[in-house]
Amino acid sequence: MSTLSAPTGLLIGGEWVQTERRLAVMDPATFTVLAEVGDASVAEGLDAVSAAWDGFQSWSVTPARVRAEVLRRAFEIMSSELETCARIISLENGKAWRDAMGEAAYAAEFFRWFSEEASRIEGGFRYAPGRDKTIITDHRPMGVAFMITPWNFPAAMATRKLAPALAAGCTAILKPASETPLTALWVADVLQRAGAPAGVVNVITTTRTGDVSSAILADRRVATLSFTGSTFVGKMLLKQTAERVLPSSMELGGNAPFVVFEGADVDAAISGAMVAKMRNGGAACTAANRFYVHESLAAQFATKLETAFAALKVGPGIDQANDLGAMVSGKERDKILELLETAAAEGLDITPASTAPATGAFIAPYVVKDVLHGSALTTNEIFGPVAPIVSFATEDEGVAMANDTEYGLISYVYAKDPGSGVKLARRMESGMVAINRGLASDPAAPFGGMKESGLGREGGFAGIHEFLETQYYAVDL
Ligand code: NAD
């Protein structure tokens, strides 16, 4: 165990395995080492496949009620230890305490939701139209699921995959991002304490990501890949899974438009914008990336957003007084600063709305006004506290600008009333639309994107089906 109450070994077949090579986990607020965890080799990755394969033989035939009870206990343990979880998240990821507590509670909810879904996996019965046979359909667990998660929601992205997989009767190999492995190890420990049998949950932390992942994906005992991360890496993995025609669930990048239409309530839009943009300091796939505001409201919206940003206190996330924590690493902060330099070169006024500490991976919040649609801030996933504002004249223009992207994860629509909001939502090319609100995510709702934002849905009723295979029996009764 590290001093943060998280294990530091690999979890393989129910045992915590120490490795020769170690991976240092950094606190991005101080650039100091928090802990060292295992750095798995290809051989250790394949040991995890063997453990998950062995575990699958019994877990897949364990009654759904028993699987549900393990998940329910995991929900209860996690809910009673939210602060421990939030502390690990905040220290290794950098995010503000409030965001870390929010994530811990959201992550625990996936265990509750899928504990309820485990015993509701349905089959089907009907007659063929010609009455020559009956059609019976069954859903069976796919097998060993390989899961790769990003650093921005280290707890929730893990539970959003582990909970439905275990509910379906699959076993798991989880590979968290090397920036934030401690949270994933802690979550796996919760499942162990909740009674998940050996081999049902395995965790591999590694710096040799490409080699270890490729070996795992090439192993015929692995039945499915569930990936959350960038579209760039997602496409690379799809090429590998194509080799084996492996089912792949992809939760990828976003470039969410936040559109304020004529007649919308500007104060409500500002409150929503603060959540949609600033949750996790802007490091969310669902973060509002581009603000399109009707020309009658644009100046007012920009002034009010600047005032709200100016009030944000930036500093170590673990200090509850701070509203914005650190970016996950100096590298991530520098990517955002480079994007701001490009925007300045395009002639935009780049002035911070507040200040940030000079040491640590901090960045001040920025409102960037008079941005042109198609400029760098609107075509790149910013992943930080920067809000570019573009104005538009007609509803059609606002919709066209919002949809003018290869991404399609989520859109935010502020309209004069919910009815107009729903009409506009139907024109948005995204898997999710938040109407007159700044947050859409819910464990009971289907989360996922259109276009290059992904394949498949997590959460809701759909999430468990990413881990189930449909089998049809043709029967003459
Ligand atoms: P990333 O794609 O760089 O990394 C994601 C994961 O993939 C990490 O675990 C990383 O170690 C692993 N990885 C990297 N190269 C790999 C390779 N060659 N083979 C196998 N695995 C590899 O993304 P990130 O920087 O960690 O996260 C940010 C991105 O994730 C953003 O684009 C964001 O929009 C996206 N994201 C999407 C969702 C969603 O649900 N759609 C949720 C959170 C984050």
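**Exercises on a predicted fold**

The chain has 14 helices and 21 strands, and keep in mind that this is a predicted model.

**Exercise 1.** Work out why the chain counts as being as compact as a globular protein of its length.

*Solution.* Start with the radius of gyration, which is 23 Å for this chain. Next, take what the globule rule gives for 477 residues: 23 Å. The two values are close, so the chain is as compact as a globular protein of that length. For a feel of the dimensions, the C-alpha atoms fill a box of roughly 65 × 65 × 40 Å along the principal axes.

**Exercise 2.** Find what share of the residues is buried, and what supplies the exposed area.

*Solution.* Buried means under 20% relative accessible area. By that cut-off, 59% of the 477 residues count as buried. Now turn to the outside: the chain exposes about 18500 Å², with carbon and sulfur atoms supplying 53% of it.

**Exercise 3.** Track down the residues that touch the most other members of the largest nonpolar core.

*Solution.* This core holds 68 residues, and the ones to pick out are Met78, Phe111, Leu162, Leu191 and Val201. Helix H4 (residues 97–118) gives the largest share of the core, 11 residues. Then zoom in on Leu191: leaving aside residues up to four places away in sequence, Leu191 touches Leu71, Ala74, Phe111, Leu162, Leu166, Ala196 and Val201. Finally, look for another core lying apart from this one; that core has 66 residues, including Phe261, Cys285, Leu305 and Phe447.

**Exercise 4.** Count the charged side chains and compare where the two sets are centred.

*Solution.* There are 41 positive and 55 negative side chains. The centres of the two sets lie 4 Å apart.

Terms used
Residues numbered from 1 in each chain as written. Predicted model: local features only at pLDDT ≥ 70, side-chain atom pairs only at ≥ 80, totals over all residues. Heavy atoms only, no water. Helix = DSSP H or I, 4+ residues; strand = E, 2+ residues; numbered from the N terminus. Rg over C-alpha atoms; globule rule 2.2 N^0.38 Å. Buried < 20%, exposed > 50% of the residue type's maximum accessible area, 1.4 Å probe, protein only. Areas by Shrake-Rupley, 256 points an atom, 1.4 Å probe, with all protein chains shown as cover. Lys, Arg positive; Asp, Glu negative; His and termini not counted. Charge placed at Lys NZ, Arg CZ, Asp CG, Glu CD. Core = buried A, V, L, I, M, F, W, Y, C linked by side-chain atoms within 4.5 Å. Contact = heavy atoms within 4.5 Å.
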